[in-house]
Amino acid sequence: MSSTYKPLKISHLSFGYDKNKPILNDINLTIPRGGFSLITGPTGCGKSTLLRLIAGLNLQGKIIGGQIENVPCKWSMVFQNSDRQFTMATAYQELVFTLENLQISRARALKTIKEVATVTNISDLLHKKIVNLSGGEKQRIAFAVALAMKPDLLLLDEAFASCDQRNREFLQKQLLTFKNYGCTIIAVDHNLDGYQDMCDQVYLFKNKTLALADETETRTLFSPKSKMELAFKIPAKENLVFASRNLSYVQEKTLVAKSNFYLPQNSSVLLTGENGAGKSSLFKVLTKLLAYNGSLSYQNKEVKKLKAKKYLRNVSQVFQNSDDQFLMVTVGEEIDFSLKHNANSLLNEEKIQHILKSWGLNRRDQVVYSLSGGQKKKFQVLLMVLANPDVLLLDEPFAGLDLASSQEVISFLKKYYLSQTKSLIVISHQFNNISELCDYHLHLRDKKLTYVSH
């Protein structure tokens, strides 16, 4: 790192899609060399936008006023959706590509790859296809790539949103490696668990601007949270939507082996398991994207024998990667398309417009890919509830959402989806208010799917 490196400074920065309605207003921030700043605030307040502006990434809106100074040339960013930053098929290829661009010699590059793979625990993932890995495994690879670069500035955009608790704690410890060699770190997150002993300053978004948290606010933010008590029962094996016998499936490795799985009609199920256990792969099996062995029936008919087009109108998914969900470019185009094919009698255009406004999604011309991670999640859920399938699979629907937004999504699902004769499976590492949504808990461990009670 250059000895002349100056503190990163943001002075009176304002940004928006309309100069009269800024998203960010008069942002002032000074990050000292080697400092760790944590930024938090409600869903859609502009946290991710600020990070992208610091990184100089293209955005749909424009800077209305102010400036950003002294951004290091050598920076790296870990996105909430890590798929957005990979260009190669495997972690090894991604690391080689990154180090080649930095003009690192082959011998040094191979040594670096071995070192960062060990530190981030991805040695066994190096030659596996990234597309087949879990969200938490992808995040470990993203950290390995960032660590290999040895950046002067590391930007973290809800970087642990798809991680289970074990992976979250593991990766947070790796941040100390960055900090120890003088890297400046700026992180945005809703979940502040684990940050208390490593961040130097905490900033809060308030009314479109950023303020340094005072001692009372900081103490409140990091105060111990009461342990979430989950209350679930075992579902009866009757009126089943899905039923399997000796279900097995493989993706890079055997994920489930000879397990019996069932889903009752009109039920809501929480699906848990460590990153890489095979939860998202189960959704691929249920949506005919991944082959399986054994028997799996839907409405008493073998899934592999059903025609995909008709079947997938009845069994649909909210993807973990939000960008995979969208068919159109703008919010307005997506809504118009969904209204044209609206299958939910509980939602008309007036109700939808009211929901969009309350969720901050009422700019029809906004490009869907420019929405914040949390806004995308809410929009995904809305679009799929309009499609109104008999079974809805939600893969990390609360990632990037603050507590209030998570509650909004839960209330929406209960009112406009589960109030009908529908079934829901939710993959989530975040359990805030999950008992309000889910009746049953299905756990994947040691290649077996098992309902558990609490």
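How many helices and strands does the protein have? In this predicted model, the protein has 13 helices and 20 strands.

**Overall form**

The C-alpha atoms occupy a box of roughly 70 × 55 × 40 Å along the principal axes. For 454 residues, a compact globule would have a radius of gyration near 22 Å, and the protein, with 23 Å, therefore agrees with that expectation. Of these 454 residues, 55% count as buried. Among contacts between residues at least 6 apart in sequence, 73% join residues at least 24 apart.

**The six-stranded sheet and helix α1**

An open sheet is formed by 6 strands in the order β5-β6-β7-β3-β8-β9, with mixed pairing. Strands β5 (75-78) and β9 (209-212) stand at the edges with a single partner strand each, so one side of each has no neighbour in the sheet. On average, neighbouring strands of this sheet are turned by 20° against each other, direction ignored.

Within the sheet, strand β6 (residues 153-157) pairs with strand β7 (residues 184-188) in the parallel sense over 5 bridges. Here L154 stands opposite I185 of β7. Helix α1 (residues 47-55) lies across β3 (36-40), β5, β6, β7, β8 (201-206) and β9, and its direction is at about 155° to β6.

**Packing of α4 and α5**

Helix α4 (residues 135-149) packs with helix α5 (residues 165-180) at an angle of about 5°, and their axes are 11 Å apart. The two helices, α4 and α5, are therefore roughly parallel to each other. On the α4 side the contact is made by Q139, R140, F143, A146 and L147, while α5 contributes N167, F170, L171, L175, T177 and F178. By class, this contact of α4 with α5 comprises 7 nonpolar, 3 polar and 1 charged residues.

**Strand β10 and its partners**

Strand β10 (residues 240-251) pairs with β11, β12 and β14, as listed in the table.

| Partner of β10 | Sense | Bridges | Opposed residues |
|---|---|---|---|
| β11 (residues 253-259) | antiparallel | 4 bridges | Q251 and K253 |
| β12 (residues 262-264) | antiparallel | 3 bridges | A243 and Y262 |
| β14 (residues 293-298) | antiparallel | 5 bridges | F242 and Y298 |

The pairing of β10 with β11 is a hairpin with 1 residue between the strands. E252, in the turn, has a positive phi of about 70°. The bridge partners F242 and A243 belong to pairings of β10 with β14 and β12, respectively. In a regular strand the side chains alternate between the two faces of the sheet.

**Residue T30**

Is T30 buried or partly exposed? T30, which lies in strand β2 (residues 24-31), has a relative accessibility of 41% and therefore counts as partly exposed. Which residues does T30 contact, leaving aside its neighbours within four places in sequence? They are P7, L8, K9, Q201 and Y203. Of these contacts, Q201 and Y203 fall within the range of β8 (201-206), one of the strands of the open sheet. T30 and R364 are 334 residues apart in sequence, and their C-alpha atoms are 35 Å apart in space.

How values were computed:
Residues are numbered from 1 along each chain as its sequence is written. This is a predicted model: local features need pLDDT of at least 70, side-chain atom pairs count only at pLDDT 80 or more; totals for chains, interfaces and linings use all residues. Side-chain values use heavy atoms; hydrogens and water are left out. Axes are lines fitted to C-alpha atoms, for helices over the stretch in contact, and angles run from 0 to 180 degrees between N-to-C directions. Angles under 35 degrees count as roughly parallel, over 145 as roughly antiparallel, 65 to 115 as roughly perpendicular and the rest as oblique. Contact means heavy atoms within 4.5 Å. Ala, Val, Leu, Ile, Met, Phe, Trp, Tyr, Cys and Pro count as nonpolar, Asp, Glu, Lys and Arg as charged, and the others, Gly among them, as polar. Buried means under 20% relative accessible area, exposed over 50%, partly exposed in between (1.4 Å probe, protein chains only). Two strands pair if DSSP finds at least two bridges between them. The radius of gyration is taken over C-alpha atoms; the globule rule is 2.2 Å times the number of residues to the power 0.38.
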